Amino acid sequence: MIRKETIRNAGRAVLVTAALAQLAACATAAKPEAMVATTTAAQAPFPQTLQHAMCVRAVTGGQKTNALWVSKVDDQSFNIALSQSLSNAGLAAPSPGCSFPVDVNLLGLSQPIAGFDMTVTSHVNYKVFDPSGQPLVLATIDTPYTADFSAAFVATERLRLANEGSIRTNISQFLDKLRQADVKVAAAPAAAASGN
Amino acid sequence: MQKEDWAHYYLLPVLLKHRSGSGCCVWPLGWDYDVKPLLAAFLTLAAAASLGGCAAKTVIPVQMAQPGDETLDCAALADQIAQNELMASDFVKKDQQVQRLNTARNVGSVIPGLGLLLVMSTDLSNDEQIRGRALVDRDERLRFLAKHKRCTP
């Protein structure tokens with residue numbers, strides 16, 4: 001018969017191992033493919049002028065992930081995710097035919113240091129310019145995303161999933177802004193930019 | 001622990017009846033009292049409270065383009081640009097302070113016991129960085145409008 005003390009010790013060992021697993025895992029960078037926004041046929045169409053006419057010109061503000069610290073989103077990963085999202089939505093221009101370049105400033109990620117449910121909020125500025133260089137869409141988008149305990153047991157993994165989810169939602173909201181963009185208004189420079 | 005003693009350990013001391021016999025501690029009122037389970041419960045609650053307090057601050061950056069921007073005259077544009085520049089430089093300084101403090105906390109994380117508390121107090125909200133960068137982009141927008149309105153600098 002197993003003694004109570006043995007069970008108790010085993011329980012303690014499991015708890016300590018679990019705690020170490022939470023702390024010891026290395027942080028990994030957000031994966032571009034996990035940040036790609038998907039579009040469905042049921043969603044409103046994009047303005048005709050924007051279709052096959054957009055590209056990502058510059059992404060700034062991202063941070064490289066330090067494996068000993070927390071997961072981050074770097075410029076290149078964001079660029080890939082946004083470019084792929086534009087492509088999936090039928091907006092990406094064939095190189096070199098880009099008429100509506102997009103500049104992105106990744107203002108930052110608001111992250112928790114620990115927690116069972118981890119909520120990350122991404123803050124991103126998108127600047128879309130028309131062929132004459134006038135701003136067509138200027139949007140500041142903030143999107144929270146929560147990765148709960150069931151998403152990943154290890155905290156560093158959970159934070160990465162929250163980062164990816166937040167950026168994916170952010171790009172998705174940017175695509176919504178593009179759907180609402182009044183491209184004709186872009187011809188009048190002063191009233192060119194539409195905020196949110 | 002005796003079955004009938006669970007209340008003795010987990011309810012507030014004022015609700016407990018006098019108990020004599022074995023135990024580690026004698027309370028000021030004369031209660032003979034084993035504090036270990038209470039201490040464990042307190043630490044568990046403190047840890048849960050700490051985890052709950054680890055959520056990032058809510059950060060609200062300024063919107064790059066705002067309704068009514070086009071109606072701003074040159075004086076209003078210049079005024080806003082100047083204010084934003086001041087605030088942005090202030091945010092940059094504060095952000096550097098936060099980063100330095102975070103680094104110090106990480107270095108201190110090797111201290112047994114205290115280390116975990118230091119790590120838990122790390123600020124990853126990036127509040128100052130986000131608001132500072134947002135103001136810089138906002139100024140870019142306002143400068144564009146000022147240029148379009150041919151405002152003199």
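Trainee: How many bridges join S3(A) to S4(A), and do these strands run parallel or antiparallel?

Mentor: They run antiparallel, and 12 bridges join them. Strands pair if DSSP finds at least two bridges between them, so S3(A) and S4(A) count as paired. One of the partnerships is Asn125(A) with Thr140(A) in S4(A). The hairpin has 5 residues between the strands, and Gly133(A) takes a positive phi near 90 degrees there.

Trainee: Before we go on, what kind of model is this?

Mentor: It is a predicted model, where local features need pLDDT of at least 70 and side-chain atom pairs count only at pLDDT 80 or more, while totals for chains, interfaces and linings use all residues. Residues are numbered from 1 along each chain as its sequence is written, and chains are lettered from A and ligands numbered from 1 in the order in which they are written.

Trainee: Why is Val102(A) called buried?

Mentor: A residue is buried if 20 or more other C-beta atoms, placed from the backbone, lie within 10 Å of its own (12 or fewer is exposed, in between is partly exposed). Val102(A) has 24, so buried is the right word. This residue lies in strand S2 (residues 100-110) of chain A. Leaving out residues up to four places away in sequence, Val102(A) touches Met54(A), Cys55(A), Val56(A), Arg57(A), Tyr126(A), Lys127(A) and Val128(A); touching takes C-beta atoms within 7 Å.

Trainee: How many residues does each chain bring to the contact?

Mentor: Chain A brings 27 residues and chain B brings 27 residues. S2(A) gives the most to chain A's side, with 5 residues.

Trainee: How many helices and strands does chain B have?

Mentor: Chain B has 5 helices and 2 strands, both being DSSP runs (H or I, at least four residues, for helices; E, at least two, for strands). From the N terminus the order is α-β-β-α-α-α-α.

Trainee: What makes H3(B) and H5(B) roughly antiparallel?

Mentor: Helix H3 (residues 74-108) and helix H5 (residues 127-148) of chain B pack at about 160 degrees, with their axes 8 Å apart. Axes are lines fitted to C-alpha atoms over the stretch in contact, and angles run from 0 to 180 degrees between N-to-C directions. Angles over 145 degrees count as roughly antiparallel, under 35 as roughly parallel, 65 to 115 as roughly perpendicular, and the rest as oblique. The value is over 145, so H3(B) and H5(B) are roughly antiparallel.

Note on methods: Two residues are in contact if their C-beta atoms, placed from the backbone, lie within 7 Å.
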